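Okay, thanks everyone, can you all see the screen? I'll walk you through the two ligands and who sits around them. Here it comes.

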Amino acid sequence: MLKIIVNGCNGKMGSVLTKCILSEDDLELVCGVSPDDKINVKYKTYQKMNYINENADVIIDFSHHSTLDDVLSFALKTKTPLVIATTGYNQDELNKIYDASKKIPIFHSSNMSLGVNVLVKLVKEAANMLDGFDIEIIEKHHNKKVDAPSGTAVMIANSIKEILPKIENNYGRYGREAKRTENEVGIHAIRGGTIVGEHNVIFAGHDEVIEIKHSAQSKDIFAKGSIAAAKYLVNQIEGYYNMNNMLS
Ligand SMILES: NC(=O)C1=CN([C@@H]2O[C@H](COP(=O)(O)OP(=O)(O)OC[C@H]3O[C@@H](n4cnc5c(N)ncnc54)[C@H](OP(=O)(O)O)[C@@H]3O)[C@@H](O)[C@H]2O)C=CC1
Ligand SMILES: O=C(O)C1=N[C@H](C(=O)O)C[C@H](O)C1
């Protein structure tokens with residue numbers, strides 16, 4: 001039985017994830033955490049991670065970057081492995097995650113789907129082969145998403161930078177009065193309706209264009225991916241893990 005705490009249990013992803021955990025015989029939902037004190041669910045909830053009295057095998061976090069100090073301090077205090085799916089962290093917060101991973105196992109991925117992680121591999125391969133092509137990333141999400149660009153778009157851009165180190169991110173180009181340079185990747189965020197999550201990477205060359213695209217069709221894929229990550233993480237020692245570690 002894998003005992004799980006969910007941070008962000010009242011959110012859209014938290015609701016899908018808690019339902020998923022409650023439906024599986026080998027998983028136990030120890031409690032959920034959400035700042036909303038009027039939350040009406042059938043499991044125990046707390047307003048902050050640090051108020052929790054119970055122990056768990058693993059924490060799964062689909063919340064907001066501002067809860068990072070609370071979740072890290074609880075995870076470090078109780079030595080509980082932590083799966084971080086939340087996006088929107090600044091560099092300072094990313095450094096805190098990395099530092100904490102020297103003491104406990106942390107799995108961190110901005111996208112828990114199998115498909116996006118295959119897309120990242122394909123994009124790296126294409127970036128390596130398509131010399132001189134202009135690369136642009138378009139991400140589309142629902143109108144309730146609070147961070148932009150998506151964590152996945154940033155992850156894709158970082159992976160392109162591993163292949164093409166001179167590349168700089170250019171967010172949206174609003175107000176710019178200069179043509180595109182060869183050393184930039186444009187990143188564009190669309191928000192509307194109930195779009196679950198789309199990522200399209202465009203390689204535009206002279207008279208030819210290649211597009212590599214992933215379209216998420218439900219939030220379940222992220223919830224199930226985070227549970228797979230949790231099962232993987234509880235068997236690891238302290239360290240920083242991502243989808244590549246789990247899939248290889
Ligand atoms: N890695 C992945 O595969 C995926 C990652 N995500 C990421 O997971 C996170 C949550 O997504 P989603 O469930 O759609 O978001 P929601 O806005 O629906 O939920 C956010 C959750 O965080 C809580 N929260 C705590 N503090 C704050 C705060 N200051 N501002 C806003 N919310 C707060 C909310 O509590 P309350 O409801 O009580 O306000 C709620 O439980 C996002 O960062 C998203 O990008 C999403 C899908 C897939
Ligand atoms: O907020 C979302 O919904 C999603 N967020 C993640 C991101 O920012 O990349 C992953 C997924 O695309 C859904």
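Before we start, one definition: I'll call something a polar contact when a pair of N or O atoms lies within 3.5 Å. And keep in mind that this is a predicted model.

So, ligand 1. A nitrogen atom of ligand 1 is 3.1 Å from a polar backbone atom of S109, so by that cut-off the pair counts as a polar contact. The protein buries 77% of the 910 Å² that ligand 1 exposes when taken alone.

There are other pairs like that. G8 also uses its backbone: one of its N or O atoms there lies 3.3 Å from an oxygen atom of ligand 1. With H64 we switch to the side chain, where a polar atom lies 3.4 Å from a nitrogen atom of ligand 1.

Which residues come nearest to ligand 1? Those are K12, M13, S34, T87 and M112, out of 23 residues around it. As for the character of that shell, it splits into six nonpolar, 13 polar and four charged residues. And the space that ligand 1 takes up is the largest pocket.

Now ligand 2. Where does ligand 2 sit? In the largest pocket. Please find T87 on your screens, since we've just met it among the residues that come nearest to ligand 1, and T87 is also one of the residues around ligand 2. Its side chain has a polar atom 3.5 Å from an oxygen atom of ligand 2.

Two more side chains to click on. For H142, the distance from a polar side-chain atom to an oxygen atom of ligand 2 is 2.7 Å. For T152, the corresponding distance is 2.5 Å. How much of ligand 2 does the protein cover? On its own ligand 2 has 320 Å² of accessible area, and 87% of that is covered.

The rest of the neighbours of ligand 2 include S110, N111, H141, K145 and F222. Sorted by type, the shell has two nonpolar residues, nine polar ones and one charged one.

Last bit, from the records. An unreviewed UniProt entry annotates residues 3-112 as "domain: Dihydrodipicolinate reductase N-terminal". In this model that span is 29% helix and 23% strand, and its end C-alpha atoms lie 20 Å apart.

That's me done. Who wants to drive the viewer next?

Note on methods:
Residues are numbered from 1 along each chain as its sequence is written. Chains are lettered from A and ligands numbered from 1 in the order in which they are written. This is a predicted model: local features need pLDDT of at least 70, side-chain atom pairs count only at pLDDT 80 or more; totals for chains, interfaces and linings use all residues. Side-chain values use heavy atoms; hydrogens and water are left out. A residue is near a molecule or strand if one of its heavy atoms lies within 4 Å of it. A polar contact is a pair of N or O atoms within 3.5 Å; within protein, one must be able to donate a hydrogen and the other to accept it, and residues adjacent in sequence count only if both atoms are side-chain atoms. Accessible areas come from the Shrake-Rupley method with a 1.4 Å probe; for residues, only the protein chains shown count as cover. On a 1 Å grid over the protein atoms alone, a cavity is a set of points where a 1.4 Å probe fits but cannot get out, and a pocket is an open set with protein on both sides within 12 Å along at least five of seven lines; lining residues have an atom within 4 Å of a point. A molecule sits in a cavity or pocket if more than half of its atoms lie within 2 Å of its grid points. Ala, Val, Leu, Ile, Met, Phe, Trp, Tyr, Cys and Pro count as nonpolar, Asp, Glu, Lys and Arg as charged, and the others, Gly among them, as polar. UniProt positions are given in the numbering used here, feature names are shortened, and annotations may be inferred rather than shown by experiment. Helices (H or I, at least four residues) and strands (E, at least two) are DSSP runs, numbered from the N terminus.
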